[in-house]
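User: I would like to go through this structure with you. I will ask why things get the labels they do.

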Amino acid sequence: MPVHRYYRSGVEIVRYADMCMKDQNYECAYTLYMKFITLFVDKITKHPQYNSVSAKDKDTNRYTLRIVFSKAEELKKQLLQQYQADLDKYLEDLKEKERIEKERLKQEELQKQKEEEERKNKVATIAAIKALKATIGSNMVLPEESKTKLLPVVPPVKPVISPSSDNDKTCTYKDTKIPTIDRSTKPSLLMSDGSSLRDVILSNKLMRDFLTLASSNTMNNKETCGILAGKLERNKLLVTHLLIPEQTSTPDSCTTHNEEDIFDYQDQHNLITLGWIHTHPTQTAFLSSVDLHTHCAYQLLMAEAIAIVCAPKYDETGFFILTLDYGLDFIANCRETGFHPHPTEPPLYMKAKHCKLDAMAPIELVDLRRK
């Protein structure tokens, strides 16, 4: 990958981390800051094109590094304090659980003792009655009231009440639970359906507006592409802008130009890249080998990044992502270029289940092509 792309990725990493800080996703922010530090302290100098980086870019990067170091150190202290507090709370809850369990066992033992005492009293009473009958004689009938007087008085057994009970109910082990720590604001690599990715929210209008803009290229059997940009808000990634860069197209490819226009617009509006979209004028919605490599760069920067493929001829729209357990690493390590075959099993990509359409979500289409 060209060295200038790493420097551009660094800008987005810091912007994304700052958004996580604002959204109180401190673990995610710390992870991103550390990625930035690792990339530009340990790795970038080994890039074969490092000497071609301008002095201005290097100075800007060094200045950002100083700021990021400071933020990462503060976050580290804050997170360690938070983890210690979580641990203390867990140990306290565990101790309370053990106390309640001991109390339960104690009460059970007392109850058993009382039941055993009651049983012995009952046996003794029955034995006394039998002995009395044998003494009086089998032909005498003991009046009912006399039976009552002869029976020993057994004190009633009171129900065992837990000291912590407010409702006169016996405390049981099943009633005791360790309170769970709320990590709903933590980064998740976790989806609403159980995998580990944040939801990406986008407007239903986005695809329709994009296809309208791409219609002239589509009629001429040429692809069109755009960049999905947006922000992080309440632990969700919102696609707020569709950027159309300068580009040249063929029936099965699309190459962007003047990428600095995209960068400038994102910098001015504080946007992060959330994926990309392109058309297949005559084919169905799928990811070709070139598409897989293109998307790999997006997904390596942000795990939630999506690839949208619109196939107007077949009225299909696909929302895709490289499989996290296989496809992402496989494509990242593939050194082939152009169109080339890939194995189909296990699958390299899948539907992006964390992608959610919202009819009320805003979307702004920005055409950066130079007329």
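Analyst: The questions below take the labels one by one, and the model they concern is a predicted one.

User: Start with the whole chain. How many helices and strands are there?

Analyst: The chain has 8 helices and 11 strands. It has 371 residues, and 37% of them are buried. Contacts across the sequence matter for the picture too. Among contacts with a separation of 6 or more, 74% join residues 24 or more positions apart.

User: Take helix 1. How do you know that its length fits a helix?

Analyst: Helix 1 has 20 residues. At 1.5 Å a residue, 28 Å is expected. From first C-alpha to last, helix 1 reaches 29 Å, which is close to that.

User: What is the phi of Gln 24, and where does this residue sit?

Analyst: Gln 24 follows helix 1, and its phi is positive, near 65 degrees.

User: Why does the span of helix 2 agree with what is expected?

Analyst: Helix 2 has 18 residues, so at 1.5 Å a residue it should span 26 Å. Its end C-alpha atoms are 24 Å apart, so the span agrees.

User: Which residues of helix 2 are buried, and what covers them?

Analyst: The buried residues are Glu 27, Cys 28, Ala 29, Leu 32, Tyr 33, Phe 36, Ile 37, Leu 39 and Phe 40. Their cover includes helix 1 and helix 3. In general, an α-helix has 3.6 residues a turn, so residues three or four places apart point the same way.

User: Now Asn 61. Why is this residue called buried?

Analyst: Buried means under 20% relative accessible area. Asn 61 has 10%, so it is buried. Asn 61 belongs to helix 3, which covers residues 55–136.

User: What does Asn 61 touch, beyond its neighbours within four places in sequence?

Analyst: Asn 61 is in contact with Tyr 7, Phe 36 and Phe 40. Phe 36 and Phe 40 are themselves among the buried residues of helix 2.

User: What makes Gln 266 buried?

Analyst: The cut-off is again under 20%. Gln 266 stands at 1% relative accessibility, so it counts as buried. Gln 266 is found in helix 6.

User: Which residues are in contact with Gln 266, leaving aside neighbours within four places in sequence?

Analyst: The contacts are Arg 8, Glu 12, Arg 15, Ala 229, Leu 243, Leu 271, Ile 272 and Thr 273. Another residue can be placed by distance. Gly 230 is 36 residues from Gln 266 in sequence, and their C-alpha atoms are 8.8 Å apart.

User: Why is Asp 252 called partly exposed?

Analyst: Partly exposed lies between the 20% and 50% cut-offs. Asp 252 has a relative accessible area of 40%, so it falls in that class. Asp 252 sits in the loop between strand 4 (246–250) and strand 5 (253–257).

User: What does Asp 252 touch, not counting residues up to four places away in sequence?

Analyst: Asp 252 touches Glu 223 and Phe 339. Lys 222 is 30 residues away along the chain, with 7.2 Å between the two C-alpha atoms.

User: Next, the enclosed space. What makes a space a cavity rather than a pocket?

Analyst: In a cavity, a 1.4 Å probe fits but cannot get out, whereas a pocket is open. This structure holds 1 cavity of 30 Å³ or more. The largest cavity has about 40 Å³ of space.

User: How do you know that the largest cavity lies between the domains?

Analyst: Look at who supplies the lining. Domain 1 (1–135) and domain 2 (200–367) both give residues to it, so the largest cavity lies between them. The lining residues are Glu 12, Ile 13, Tyr 16, Ile 272, Thr 273, Leu 301 and Met 302. Helix 1 gives the most, with 3 residues. By class, the lining has 5 nonpolar, 1 polar and 1 charged residues.

User: And the second largest pocket? What is its volume, and which residues are closest to its centre?

Analyst: Its volume is about 630 Å³. Of its 22 lining residues, Tyr 7, Arg 8, Val 11, Asp 57 and Thr 60 are closest to the centre. Helix 1 gives the most to this lining, with 9 residues. The lining of the second largest pocket divides into 8 nonpolar, 7 polar and 7 charged residues. Domain 1 and domain 2 each supply at least three residues to it.

Terms used: Residues are numbered from 1 along each chain as its sequence is written. This is a predicted model: local features need pLDDT of at least 70, side-chain atom pairs count only at pLDDT 80 or more; totals for chains, interfaces and linings use all residues. Side-chain values use heavy atoms; hydrogens and water are left out. Helices (H or I, at least four residues) and strands (E, at least two) are DSSP runs, numbered from the N terminus. Buried means under 20% relative accessible area, exposed over 50%, partly exposed in between (1.4 Å probe, protein chains only). Contact means heavy atoms within 4.5 Å. On a 1 Å grid over the protein atoms alone, a cavity is a set of points where a 1.4 Å probe fits but cannot get out, and a pocket is an open set with protein on both sides within 12 Å along at least five of seven lines; lining residues have an atom within 4 Å of a point. Grid points are joined across faces, edges and corners, and a volume is the space filled by probe spheres set on the points. Ala, Val, Leu, Ile, Met, Phe, Trp, Tyr, Cys and Pro count as nonpolar, Asp, Glu, Lys and Arg as charged, and the others, Gly among them, as polar. Domain bounds come from an automatic or database domain assignment. The expected span of a helix is 1.5 Å times one less than its number of residues.
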